[in-house]
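Work through the exercises below with the sequence and model at hand. Each task is followed by a solution in steps.

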Amino acid sequence: MEQPLLEVKNLTTSFKIKKKWVNAVENVNFSVKQGEIFGIVGESGCGKSVTALSILKLISSPTFRMDGGTILFKGIPVSCLTSRELSRFRGKKISMVFQDPMTSLNPSMTIGNQLIEVIRVHDKIDKRTALEMAVQILAKLGLPSPEKRIREFPHQLSGGMRQRIVIAMAFIQNPPLIIADEPTTALDVTTQAQILDLLKEHRNTTNSSIILITHDMGVVAEMTDRIMVMYAGTVMEEGSTRDIFKDPCHPYTVGLLGSIPRKDRDIDKLYTIGGSVPTLQAMPKGCRFCTRCQYADDRCRQEKPPLLKIGDRTVSCFRYYKGKEDNGHK
């Protein structure tokens, strides 16, 4: 069996809020194969971005800690890398496209200097050659007048152009894995489609893998091969995109798909999931979705359902545990 490109096992992270540590992500497990697009979906505040930042160890502060879990890239534990090794690992092996290009780009540096810095951190080449590489990647990504853009600052560019710059920084070292954290946020529909096409084309031409983080189920349906549905820092369901859209199992997944506007439905009767995602300080004792679930009972409110394997997918819901208590699924 082929080894996954990335494996995340039992990832648990916490933030310190008012002198108390609370879990933001709890026992998250998933893997990404070479050449696939893996989607992580869920409402805002469900732990998607924290999971991605934890993979690259990009959260470092006295108020954050990784309580447990293993992150393996091609079988090598990322947690064992030194700070110097991590600096060379990021961008070369795994790169990230952040959701807000205005805050992820340095406003005091030209676009060219920022791209050159990314290149020269990993490759021992002269500045002129690096500048030529920067122009080539911008041209490849469809940025007009790339020779002019490299001399400009981020505030001089449109939102779509800035997002292309961030993608160029992620693509330029041809890493095997790219994490795209809501790469189309705040962009118009036409630009969104162009950005998604860039990601898909890059995957098709380089056979790289992509972790696509989003709350847009339409984007998920179009782009991904497999999906992991997260809610309040835990995994609700994981499986192939086709299976989950055709037959969602978890009530939360059903709710997300039911909320998508469709031509054959009355717009006045658009379905919504009642309530909101609980805060880190007020997580339910049992299933984290129990306060919003129409099927929740006393067991759901008191116990946390573990992930159950159902065919080629996994689901965390007691509705699928009937008769399985004696088979190690209690």
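Two strands pair if DSSP finds at least two bridges between them. The model is predicted.

**Exercise 1.** Determine in which sense strand 6 and strand 7 pair, and over how many bridges.

Solution. Strand 7 covers residues 177-181. Between strand 6 and strand 7 there are 4 bridges, and the sense is parallel. Within this pair, Val97 stands opposite Ala180 of strand 7. Helix 7 (residues 159-171) lies across strand 6 and strand 7, and runs at about 175° to strand 6.

**Exercise 2.** Place the strands in their sheet and find which of them stand at the edges.

Solution. The order is 6-7-8-3-9-10-12-11, an open sheet of 8 strands with mixed pairing. Strand 6 (94-97) and strand 11 (308-310) each have a single partner strand, so one side of each lacks a neighbour in the sheet; these two stand at the edges. On average, neighbouring strands of this sheet are turned by 20° against each other, direction ignored.

**Exercise 3.** Classify Ser31 as buried, partly exposed or exposed, and list its contacts beyond four places in sequence.

Solution. Ser31 belongs to strand 2 (residues 20-32). Its relative accessibility is 23%. Buried requires under 20% and exposed over 50%, so Ser31 counts as partly exposed. Leaving aside neighbours within four places in sequence, Ser31 is in contact with Pro4, Leu6, Glu7, Glu36, Phe38 and Arg226.

**Exercise 4.** Find what separation the C-alpha atoms of Ser31 and Pro284 have.

Solution. Along the chain, Ser31 and Pro284 are 253 residues apart. Their C-alpha atoms are separated by 27 Å.

Methods. Residues are numbered from 1 along each chain as its sequence is written. This is a predicted model: local features need pLDDT of at least 70, side-chain atom pairs count only at pLDDT 80 or more; totals for chains, interfaces and linings use all residues. Side-chain values use heavy atoms; hydrogens and water are left out. Buried means under 20% relative accessible area, exposed over 50%, partly exposed in between (1.4 Å probe, protein chains only). Contact means heavy atoms within 4.5 Å. Axes are lines fitted to C-alpha atoms, for helices over the stretch in contact, and angles run from 0 to 180 degrees between N-to-C directions.
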